[in-house]
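Thank you all for coming. I would like to take a few minutes to walk through one model, and I will ask you to keep the sequence and the coordinates open while I talk.

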Amino acid sequence: MGFLWRTIFILFLWTPQVWAGTWQNLALGLNYQKIETGGTVLHAFKIDPNQYTIKPVMALPGQINSVKTMADKNAALLVINANFFDEQGKPLGLIKKDGQVLNALKKVSWWGVMSFEKSRIRIIHTSEFADSAKVISALQAGPRLVVNGITPKIKEETSPKTAIGLTHDHQVVIVVSQSFVSINKLADLLSQPEEKGGLGLVDALNLDGGSSTQIYAKIGNFELSLPSYVELPSGLGVFNR
């Protein structure tokens, strides 16, 4: 094997590959995709907000729970971890559910808000958020991973990740990593067009990650459970309308 071909072969072995599958239809307006990238597996769900309700879920009063417990108790199709929380298990940042503010907005410069409004869904900087009756549900975390189709400068950090974003046609995409992933590589993957192996998001928000990262989904015959030893005060759920 000549020098050039040896070089190409070595680069092929060492260049991180993204293996994106096709979307698997689980139900009307709800699709799933498994993505392998940089030694980790990402689980992605694409949800039509016209077909499903997406809103925060809370642990049982005075408790912290797994996302599976929250899914079971709330009859949700899918629940992921969402807000950050303190050592006492109190959520940090805005949680608004069904028009009621359950936890106050926190003024943190690098956080954003996902706002589910009557006529649209937005991911915006915390400073841009103004609560009103048109905001049905909302949650706050950070940093934003994609802003108007562009990945901003983000301090590098590697851990398990949970993220949520929006496509150009207003579909909601949830992504959970099965193990450690670079936050900048994740942001790039979220923003890249689907034809290049990405998810084509125009806006995306990083949720609490690390040991908090977890998901439980039960949609028809499909079931996915990525548990954690950490239990949570709140999550984000997907529900039948």
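I will begin with confidence, then turn to one helix, then to the salt bridges, and end with a sheet.

Please keep in mind throughout that this is a predicted model. The mean pLDDT of the chain is 91, and 91% of its residues reach 70 or more. The stretch to set aside is residues 1–19, over which pLDDT stays under 50, and for these residues the model has 16 contacts beyond four places in sequence. Where pLDDT is low, the predicted coordinates should not be read in detail, and I will leave that stretch there.

Let me move to helix H2, which covers residues 67–74. Which residues of this helix are buried? They are Val-67, Met-70 and Ala-71, and when one looks down the axis of H2 these buried residues fall within an arc of 100 degrees, so they line one face of the helix. As for what that face meets, the buried residues of H2 pack against four strands, namely S5 (52–58), S6 (78–81), S20 (215–219) and S22 (234–240). Just after H2, Ala-75 takes a positive phi of about 55 degrees, which you may wish to look at on your own screens.

The same helix carries a salt bridge, between Asp-72 and Lys-68, with the closest N and O atoms 2.9 Å apart. Both residues lie in H2, four residues apart, which is about one turn of the helix. Asp-72 is partly exposed, with a relative accessible area of 49%, and Lys-68 also counts as partly exposed, at 35%.

That brings me to the salt bridges in general, of which the structure holds seven. Side chains of opposite charge can pair when their charged atoms come close. One of the seven joins the side chains of Lys-46 and Glu-194, at 3.3 Å from N to O. Why might one single out this pair? Lys-46 lies in strand S4 (residues 40–47), while Glu-194 lies in the loop between helix H3 (183–191) and strand S19 (201–206), so the pair ties together parts that are 148 residues apart in sequence. With a relative accessibility of 15%, Lys-46 counts as buried, whereas Glu-194 is partly exposed at 38%.

A further salt bridge brings together the side chains of Arg-122 and Glu-117, at 3.1 Å from N to O. Here Glu-117 counts as buried, at 7% relative accessibility, and Arg-122 as partly exposed, at 22%. Arg-120 belongs to the picture as well, since Glu-117, Arg-120 and Arg-122 are linked in a network of salt bridges.

My last topic is a sheet. Five strands form an open sheet in the order S10-S9-S13-S11-S12, with antiparallel pairing. Its edge strands are S10 (100–103) and S12 (121–125), each of which pairs on one side only, and neighbouring strands of this sheet are turned by 25 degrees against each other on average, direction ignored. Strands of a sheet pair through backbone hydrogen bonds, either parallel or antiparallel. How many bridges join strand S11 to S12? There are five, between S11, which spans residues 112–117, and S12, and the two strands run antiparallel. Among the paired residues, Gly-112 has His-125 in S12 as its bridge partner.

I will stop there and take your comments.

Notes. Residues are numbered from 1 along each chain as its sequence is written. This is a predicted model: local features need pLDDT of at least 70, side-chain atom pairs count only at pLDDT 80 or more; totals for chains, interfaces and linings use all residues. Side-chain values use heavy atoms; hydrogens and water are left out. Buried means under 20% relative accessible area, exposed over 50%, partly exposed in between (1.4 Å probe, protein chains only). The arc is that of the directions from the helix axis to the C-beta atoms. Contact means heavy atoms within 4.5 Å. pLDDT is the predictor's confidence in each residue, from 0 to 100. A salt bridge is a side-chain nitrogen of Lys or Arg within 4 Å of a carboxyl oxygen of Asp or Glu. Two strands pair if DSSP finds at least two bridges between them. Axes are lines fitted to C-alpha atoms, for helices over the stretch in contact, and angles run from 0 to 180 degrees between N-to-C directions.
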